[in-house]
Every structure is written in C-alpha cells, then in structure tokens.
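User: I would like to go through the labels attached to this model one at a time, and to see each label set against its definition.

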Amino acid sequence: MEARGFSFPRQRQVLFLFVFWGVSLAGSGFGRYSVMEEAERGSFVVNLAKDLGLAEGELAARGTRVVSDDNKQYLLLDSQTGNLLTNEKLDREKLCGSTEPCILYFQILMDDPFQIYRAQLRVRDINDHSPVFQEKETALKISENTAEGTAFRLERAQDPDGGLNSIQNYTISPNSFFHIKISGSDEGMIYPELVLDKALDREEQGELSLTLTALDGGSPPRSGTSTVHIVVLDINDNAPQFTQALYKTQAPENSPVGSLIVKVSAGDVDLGVNAEVSYSFFDASEDILTTFQINPLSGEIFLRELLDYELVHSYEINIQAMDSGGLSARCTVLVEVLDTNDNPPELIISSLSNSVAENSPGMVLAVFKIKDRDSGENGKMVCYVQDNLPFFLKPSVDNFYILMTEGALDRESQAEYNITITVTDLGTPRLKSEHSITLQVSDINDNAPAFTQTSYTLFVRENNSPALHIGSVSATDRDSGTNAQVTYSLLPPQDTHLPLASLVSINADNGHLFALRSLDYEALQAFEFRVGVTDRGSPALSSEALVRVLVLDANDNSPFVLYPLHNGSAPCTELVPRAAEPGYLVTKVVAVDGDSGQNAWLSFQLLKATEPGLFGVWAHNGEVRTARLLSERDAAKHRLVVLVKDNGEPPRSATATLHVLLVDGFSQPYLPLPEAAPAQAQADSLTVYLVVALASVSSLFLFSVLLFVAVRLCRRSRAASVGRCSMPEGPFPGHLVDVSGTGTLSQSYQYEVCLMRDSETREFKFLKPIIPHLQPQSCGKEIEETSTLQNSFGFNY
C-alpha cells in the first residue's frame, strides 16, 4: 500500500449504548446511504423511519440515536421526523484521503427494546481540487544518442479528489521530438512518460522547454502544469544499477529521530564523471519527505520524524540513483513499522448513572466501551473493578461492558461508593487506564423508627401545675430525608377506664410529654400508656414504647386522729385507778396520714397537761402511760393535749384531747363529763336525787346493753354479706394490731389495719376496731365514722 494512504488520522470509535435485559441485536447487513461532500450542515441524507419500516414518532419513543465510529458526530437524527441530516460540512479528502470510495461507518441505536443497526455513509467526491505538481520545473538530461521510442518517466501530479475527479490524463506542449504516454501502476495510479519521437541532435538544439499539463476528469475539468527542461547530453551509454530492486526493512515506532533505517547502493560501470552516482527520493509523498531523509552521496536513509504505527503501518519509498551523465536507476525501499505498546487502553462511557436506590439488585449503572490503538498482544485488554465492592462487570458485544449492582445495596451501611474501573492491556510493559465513578445510594423507607428505650419511667410530684413538662420520649430512624422525619402520638390505652386524654399529651414533633392537670397521689399513684412514633415515608413505618408515670407523694395531708374522735358530742373520759403503777397504759392515740413514705411517718408528743410530769406519751406508738405513782394529792380530773406530727417537709400536725379521771376504784360513781358535772352538793337533800339518778342510769344502762347487742348482731350479718376488707401481701405478720392494757380498757382491743392496694409505701387507708365479744361497759355512745371507720369503747362504773 502506498504511504499516502496513511496520512490521515485513524478513526476512533465512540459509541453510546444503553443496555437493558432482553437486548436484541440487528442483523449484520448494512444500510447504505450517500451524501455529497461539502454539503451544507443539515443536508438531508435519508428518512430512517421509512427506511427501517417504522411508524412516525417510533424513533423518538424508542430513544433512537446515531453513533459514529469516529470521535466526531457527523450525522444528526431528527427523532420526530425520522430525517437523518448532516451535522457539518464533510470534506472527503480530510476524511478518507485518496481512498475511494470514502465510507463512514455508523450505528443506529434503539433503547426500548434495544437494537443496533449497522449502516454506512458514502461521501461522494466533488471536483474541488486541481492537480498540483510538487516541482514546478523538472530538469531532464537526455543523451543525444538516445534511441527513438525511449520513454522517460516524469513525476506525476497530486490530486486529492477521487474517482473521475482525480487525474485522468497528461498532455505536453506541441513539439517535434516528444509525446506523452500514459502508464498505470498496480495501485491504480497513472504516470506520464515522455516518449522520444526522433533522435536528438545536441549541435542542432541543445535544450528544450516543454509544458506538462495534468487534467482531472471533473466537469468542468481542472488542470495543473509543470515545466520540463530537457538538456541534451553527450553520450553516456551506461546507467547506474542498484544492487537489489527491493529493499525490505523494519523500524520500531519508538525509534529515535536520526536512526539509520536502511542504506541503498547503486553502481555505474562508466568512468569519470559519468560514474558518479547521486541518490534522491523519487515521486515521494509529503509524508515520506517529512518522515525520512536520504544522504545523496552514501544512499543512507535516516529517520527524520518519529514513527507512529497507529497512523501508518508501512512506508514504500522510491529511490533514484543518477549518474552525472543523467542516466538513472530506481529501486523500492519497503519500511515496516513495528508496533510497540505506547498507547494505554481507552475507556469510553456511553451511559452513566450516579445514583441508585438501595435494595435494588441487578441495576445497570454504566455502559462503556474499551479499545486500544495498539495491535497484537499490545491491543488485548482486560477490564475489572475492585473486589471489595458489590458491583460486577458484564461483558457485551464489540468490547462493550455493563457495570451492574451485584446485590441489594444498603444505604444505612454505606451511602456512597467510589468505583474505579481499570482497563489493562497485555503488552510489555503493561499500560492501564482508570476511570472513577462516585455512586450515591438513595434512600428508601426500609427502617422503622426505633425508640431509644423500650420503656420509659417518668416521675412527677403530685399537685403539679397543669401543662407541666414531665419528660420526653425519643426515637431515631436510620433512613434519611423525609423517611427519617418522625411524628409522635399517644396510642389508645388498653385500660379503657384510664382517662388518658385528660392526663397527658405529647408534642408530635419532639416527643415531649406534658401533664394536662394536677395529679393527686392519694387518688392515682401510677399509670402507664403506650406512645407511638411514625415516619413520613411511603409506606409509613412505626413502632411503640411503654411509658410508666409514677406520681411522687407530697406532704399535702395532715395526720388524722382516729381515736379519740374530736367530733363526738360527748367525748369519753379515760379512768385511771389511783393505785396504778408507773407505766400504766391509760389509752392510746390512734392516727393515720393519707400521704406515704416519710410523709406518713407519725410521731406523738404531749403538748399540754393539767399536771406536767404525771403522764407521758410514747413518741412512736401514741400510747399514753403514767409517768409516776399517783397520790391523793393529785387532782382527780386531767386534760391532756397530744400533738401528732408527720415527718414531711414541711411537717403537718394535728392534736388530740384526752380527758383522764383518777378514781379510787371502778365501783365508785363516774361522772361522764367532769367539766359538765353539777356543782358540789351542799346539802344532804341531794342524796335522794343521786339515788334516783343511779337507779335511772342503771335502768338506762340495761336498756342500752340490750339495744347495743341487737345493733351489733345486725351489723355483723350485714358485714358478712359485704365481705371482709382485702389485705395486701406484705411484710406484716398479720392484719390485726393488738393493744392490751389495764385500767379502764378492761379487755384487749384490736384494730384491723387495711393498706391501700398497690402501695409500695404501705400507707394506712383506714383502721377499724374489732370487738371479739360484747362488754357491759359503755361510755353511753357508739362512735361511727362514715368513711368505714367504726369504734366503740366501754367503761366500768
């Protein structure tokens, strides 16, 4: 092949390909189209829709595009009309050089479904170049004894046009000695030869100047001229002879400038100046002249410019050896350029997606093509991505690869991937190219919001102000964006009797909980409810947590004295015999506190006494005992004020008033109320009234005893139907507290202590006395508490 055919840039392939599952490829047949060179941009080539048998608008619906085998997009597809247009003016000579026909290959790609149609565009030549001789004047020396019919080959003209527009004929200006003969070569080119018609006579005419004209076949034809200067020489009957007609050599493309490529040699058997031979290029193209140079004396050919195997694979150089007598000989030097691995592989992205939704396996991320301009092993390639990434490369046709996800991605584990696609050739040394892709994993709502705790315990002190912030719940969502935005809510209570809507509320945005009203520990010690959290994804995901609210007790209840009752119309008087020993149990002050914990811890102390030092009160149980021996000098009537105080902060207290009567024995008359007793009798006449009163009281007492027995029997039968007080389990040994003593409490008495259910502090709910059997003594009145508190005490007199 002639070197001129390699003077144009080698075409590079850039394909844009969208590959989906179910890809189908068109057949191997070509669609053949043509366009005239230098046609204006937008010139009509063909209607692809009609040519492919598709309906109007189907090209656009299927995402049709045209991809050229060159870096440039020579064609433009109007997907609406289906017209294929030129995208720029096409210069056939720049695209194909002297190659004819000039064919540009391209592909028609359709995305849905995927198809490839291979097609070719022929750029038809126009006669836009005139023939040009590289030398405007050619010197030709012809011996005068040259025989008639001798042909002298002349340098041909150059015409970039092809076909009929290239050079078709040569003519010479009219003369009597020469005519032009056209000869062809194996490559299809024609050369002019100057043929001698009659013998020359140097003495008659020593020089001739003829005009050589080259004509192309265009319409109208173009022409170029060169002057042939002929010098008639004396006889030199021996021309130089090359040692071989064809020289073959090889040169690596990385050979340095100035390297010796080959040396040609020719000899002449003549003597003297007729034997001196000079070497030169003959009919050399511009490519050869810029790449090589020849030493005219030695015949050595040197490298003038770096070789490039990817541009030109071989050079064919014509060398002429001429002696001083004008005789010449020619040989051919064939230089084969050897490929070296000097081009790294190329990676051409056709489609690329920088984002993919998580949990989407088998997604196409990128489609690309790889190529290497080298040949042989230097042009073989391997392509791969990092091993530690959930992606893989799927090979396709024509060195196309598809980058796909290997499995479902999890954004919560890794939201971004840096993928490096590496292409390596198999040359020596190996060259590689890398292309980095940053892939963002987009979020889907695949994570339900989760509370930081499965259950929350909140504490709030009773008597709180309404709308008090009592605590917060918090939930997080591993998703992002809207999928991670959460809303809090109260879930319907499982206990339908719990008025949750009037107790608490929740801020839907931040999970803050508020008490809607003031809480009372004595009415509600604890309650629990469920809160829910829902994200704003689609579909929305939710979770729930349990919230337990414990109401803390405040010291808002004063101690309540159960005995002695302070609201009785006729308070009882405690009788103490004067013969009582120190520590004698007079009575016991019984009190409870509605609070709990230390707020319900009660202590007793004697606040006032008629005679200090005679009685004492035990601080922890409220028992009133004598502090010393009684004497006749001690007053018969005593009034004691006992202070009952809790352990709260600040403490609360209550007082109980006791009336104590000192008697010599329980047989002497008893006056119910010393303060209300009549004045001391001054006369003996009162004795009669006393006797009558005693008899009346005795009768009244008997009647009261009978009435009391009847009432008690009735109440017991009623209590049996209602049931006993339920007792909580706890550390108490029993549900009865026994208080025994001597003195006026002539028998043991018991109090049944009932604790509030679910009370961790074991606070009192009520005390109720239990009388095992009836006593004939009575203070004349039975004391009843409307809140299930009942008590009765008897006296002997």
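The exchange below takes up the general make-up, then one loop residue, the cores, the surface and the salt bridges.

User: What kind of model is this, and how are its residues numbered?

Analyst: The model is predicted, so local features need pLDDT of at least 70 and side-chain atom pairs count only at pLDDT 80 or more, while totals for chains, interfaces and linings use all residues. Residues are numbered from 1 along each chain as its sequence is written, and side-chain values use heavy atoms, with hydrogens and water left out.

User: How many helices and strands does the protein chain have?

Analyst: The protein chain has 6 helices and 54 strands, where helices (H or I, at least four residues) and strands (E, at least two) are DSSP runs numbered from the N terminus. Of its 797 residues, 42% are buried.

User: Why is Ser259 called buried?

Analyst: Buried means under 20% relative accessible area, exposed means over 50%, and partly exposed lies in between (1.4 Å probe, protein chains only). Ser259 has a relative accessible area of 18%, and therefore counts as buried. Ser259 sits in the loop between strand E16 (246-252) and strand E17 (260-263).

User: What does Ser259 touch, not counting residues up to four places away in sequence?

Analyst: With contact defined as heavy atoms within 4.5 Å, Ser259 touches Ile301, Phe302 and Leu303 when residues up to four places away in sequence are not counted. In addition, the side chain of Ser259 reaches the backbone oxygen of Pro256 at 2.6 Å.

User: What makes a set of residues a nonpolar core, and which residues have the most contacts inside the largest one?

Analyst: A nonpolar core is a set of buried Ala, Val, Leu, Ile, Met, Phe, Trp, Tyr and Cys residues joined through side-chain atoms within 4.5 Å. The largest has 28 residues, and those with the most contacts inside it are Phe242, Phe292, Tyr315, Ile317, Ile319 and Val333. Strand E23 (328-338) is one of the strands that each supply at least two residues of this core, and E23 gives the most to it, with 5 residues. A second, separate core of 26 residues includes Tyr456, Tyr488, Leu519 and Val533.

User: Why is Leu707 called partly exposed rather than buried?

Analyst: Leu707 has a relative accessible area of 47%, which lies between the two cut-offs already given, and so Leu707 is partly exposed. Leu707 lies in helix H6 (residues 686-722).

User: How do you know that Arg411 and Asp443 form a salt bridge?

Analyst: A salt bridge is a side-chain nitrogen of Lys or Arg within 4 Å of a carboxyl oxygen of Asp or Glu. The closest N and O atoms of Arg411 and Asp443 are 3.0 Å apart, so the pair meets the definition. The pair links distant parts of the chain, 32 residues apart, with Arg411 in the loop between strand E29 (400-405) and strand E30 (416-425), and Asp443 in the loop between strand E31 (432-442) and strand E32 (450-451).

User: Why are Arg411 and Asp443 classed as they are, buried or exposed?

Analyst: Arg411 counts as buried because its relative accessibility is 14%, and Asp443 is buried because its relative accessible area is 17%. Salt bridges that share partners join Arg411, Glu412 and Asp443 into one network, in which Glu412 meets Arg411 at 3.1 Å, N to O.

User: How many salt bridges does a search of the whole structure find?

Analyst: The search finds 14 salt bridges, including one between Arg625 and Glu623, whose closest N and O atoms are 2.8 Å apart; both Arg625 and Glu623 are buried.

Notes: Polar contact = N/O pair within 3.5 Å; in protein donor to acceptor, adjacent residues only side chain to side chain.
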